[in-house]
Amino acid sequence: MRKLVSWLLIVSVALSVGIVSSGIAEAAGGKLTIWMEATFSADANKVIERYIQEYADATGTEIETEFIAATDYMLKLNAAVEANNVPDITIGGPYKVLSYYPNNPYLPVTDLVEEINATRPFIESNREGTKMEGENYFVPYYNSGSMLFVRKDKFEEKGLAVPTTWEEILEAAPQVSDPANGFYGLGIGCGPTDEDCENGIRMMIWSKGGRIFDEEGNVAAASDPVVREVFETYKKLYDGGAIPPSATSWDSGGNNKTYLMGESAVVLNAPTLYNAMANDEEYAPLLESTAALSAPGNITLAIPMGWSIMKGCQNEAGARNFIQYMCDAQRYNDYMAEVVPVYAPVFADCADMPLWAQEGPNRQMLQYVHSAVGYYGYPVEPIKGRALAAKYYFSFGLARALNAYTTGGATLDEALQMIESDIANIAQTME
């Protein structure tokens, strides 16, 4: 994903008529500071920048907006929280909220979510699925996620249907593999810093009925037969030549590369991989041979993002009005047209729009969102357990355990015990 350099926009202008409703205009004004996480798309960022300018013009609000590269966003926000000098509005998400446990710097916005939902209903996984102990701490605005990329030509050559379930993928991987000629059926890595491994292995475990944690937040990995089965299956495929030998050293870019170089038949990746093929003539034949599908399984990892209001906001009414303005149907639809299929919408009625209704990657991403009820510690309910699970996710603990087992650095029992020990160590830092 392309990272953008931060830049600063400051606008202070007089009230303009006709851009926003009189209700918003009457309650607006004053000042707002907004920190945006820059997206992969410069054009999409410019759309948001234009909306902010229009809102400032219409309401007489003085707005200071900063677009921050994704790699720097949390570092900058952490420093601001520590210094007690936070912006009024930020881009929030489940991990951003949980990372501050137990000192949550975000205001609850459940009533604002319900108010917007009353006029334009959210997809249920976005409205209810983003709650933490009954509260929303951000207003959902877009979804990220993973897609299944399949070399349909390779499956057709073997007389096999394109796989759409984990069972079909794992069964077919050895059949389409040709390791002697450098081609492999499954491009899921287990490098010690591979975030896509963390995603894919979790979703595989969940969809088979397994759990790393139980509902109360207790670690269940070492005793869960499904976790054991998934680890054993992965190693069997790796040892049998169905997974690229280099997969044990991949980072999160490894599966992109293996697919683009024509080395793997199936990968699970963000839709940025689709854009990489669609926007480069070199990959036109590969795109033609690709089926881009929703991630397999009945439980997929939810990665929603949206608007948060920080504690200490000096203009809460203005912040709420701004968020409502950004959720205006036409404004929102125009923005989503700039970011598909990398980001998917949060509103239910998008399913009936041409942009999402026609078969293709956009619709597949929307399908993903509807089943995106999984989260880092699924199915943990208590917020402390969810915070622990999120911290474990970002330590790449599952990938490291799978890596140790796959490379022979640990037995299966030792690898599963690594999971339990690593989580216990993180829990101690949270006491």
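1. Let us start with Pro379, which sits in the loop between α17 (361-370) and α18 (383-393). Keep in mind throughout that this is a predicted model. The peptide bond leading from Tyr378 into Pro379 is cis, with omega near 5°. A cis peptide bond also joins Tyr101 and Pro102, where omega is about 5°. Pro102 belongs to the loop between α4 (94-98) and α5 (110-119). Both places are worth a look on screen if you like to follow the backbone.

2. Two further backbone spots deserve a glance. Phe396 is not a glycine, yet its phi is positive, about 60°. You will find Phe396 in the loop between α18 and α19 (397-406). Asn84 likewise has a positive phi, about 55°, although it is not a glycine. Asn84 is located in the loop between α3 (70-82) and β4 (89-92), and with 69% relative accessibility it counts as exposed.

3. How many disulfides does the whole structure have? A search finds zero. Cys190 shows why it has no partner: its sulfur lies 6.0 Å from the closest cysteine sulfur, that of Cys197, which is too far for a bond. For a disulfide, the two sulfur atoms would have to be within 2.5 Å. Seen from the other side, Cys197 is in no disulfide either, its nearest cysteine sulfur being that of Cys190. Cys190 is buried at a relative accessible area of 0%, and Cys197 is buried too, at 1%.

4. Next comes Ser146, placed in the loop between β5 (139-144) and β6 (147-151). Is Ser146 buried or exposed? With a relative accessibility of 4%, Ser146 counts as buried. Setting aside residues up to four places away in sequence, Ser146 touches Asn199, Met203, Leu268, Asn269, Ala270, Ala295, Met365 and Tyr368. Gly200 is another residue to find on screen: 54 residues separate it from Ser146 in sequence, while their C-alpha atoms are 8.7 Å apart in space.

5. Ser264 is a second serine to visit, in the loop between α11 (254-260) and β7 (266-269). Ser264 is buried, with a relative accessible area of 0%. Which side chain does the side chain of Ser264 meet in a polar contact? The partner is Thr258, at 2.8 Å. Beyond neighbours within four places in sequence, the contacts of Ser264 include Arg151, Phe183, Tyr184, Leu186, Gly187, Pro244 and Tyr259.

6. A third serine, Ser308, is part of strand β9 (residues 303-309). Ser308 is also buried, with a relative accessible area of 0%. Its side chain reaches a backbone atom, the oxygen of Tyr137, at 3.0 Å. Outside its neighbours within four places in sequence, Ser308 is in contact with Asp88, Ile89, Thr90, Gly92, Tyr106, Tyr137 and Phe138.

7. Now for the interior. In soluble globular proteins, nonpolar side chains tend to be buried together. Here the largest nonpolar core has 141 residues, and the members that touch the most others are Ile201, Phe231, Trp307, Phe322, Tyr335 and Ile419. Take Tyr335 as an example: apart from neighbours within four places in sequence, Tyr335 is in contact with Thr39, Ala44, Val47, Ile48, Tyr51, Tyr141 and Tyr142.

8. Phe322, one of those core members, is also among the buried residues of helix α14. That helix, residues 316-326, is mostly covered, with eight of its eleven residues buried. The other buried residues of α14 are Gly318, Ala319, Arg320, Asn321, Ile323, Tyr325 and Met326.

9. Finally, what about empty space inside? Searching the whole structure turns up one cavity of 30 Å³ or more. The largest cavity holds about 30 Å³ of space. Its lining is made of Leu170, Leu186, Ile201, Met204, Val230, Thr233, Tyr234 and Leu237. Two elements, α9 (195-207) and α10 (225-239), give two or more residues each to that lining. Which element supplies the largest share of the lining? That is α10, with four residues. Ile201 links this point to the core, being one of the cavity's lining residues and one of the core members that touch the most others. Leu186 turns up twice as well, in the lining of the cavity and among the contacts of Ser264.

How values were computed
Residues numbered from 1 in each chain as written. Predicted model: local features only at pLDDT ≥ 70, side-chain atom pairs only at ≥ 80, totals over all residues. Heavy atoms only, no water. Buried < 20%, exposed > 50% of the residue type's maximum accessible area, 1.4 Å probe, protein only. Contact = heavy atoms within 4.5 Å. Core = buried A, V, L, I, M, F, W, Y, C linked by side-chain atoms within 4.5 Å. Polar contact = N/O pair within 3.5 Å; in protein donor to acceptor, adjacent residues only side chain to side chain. 1 Å grid on protein atoms, 1.4 Å probe; cavity = no way out; pocket = protein on both sides within 12 Å on 5 of 7 lines; lining within 4 Å. Points joined across faces, edges and corners; volume = space filled by probe spheres on them.
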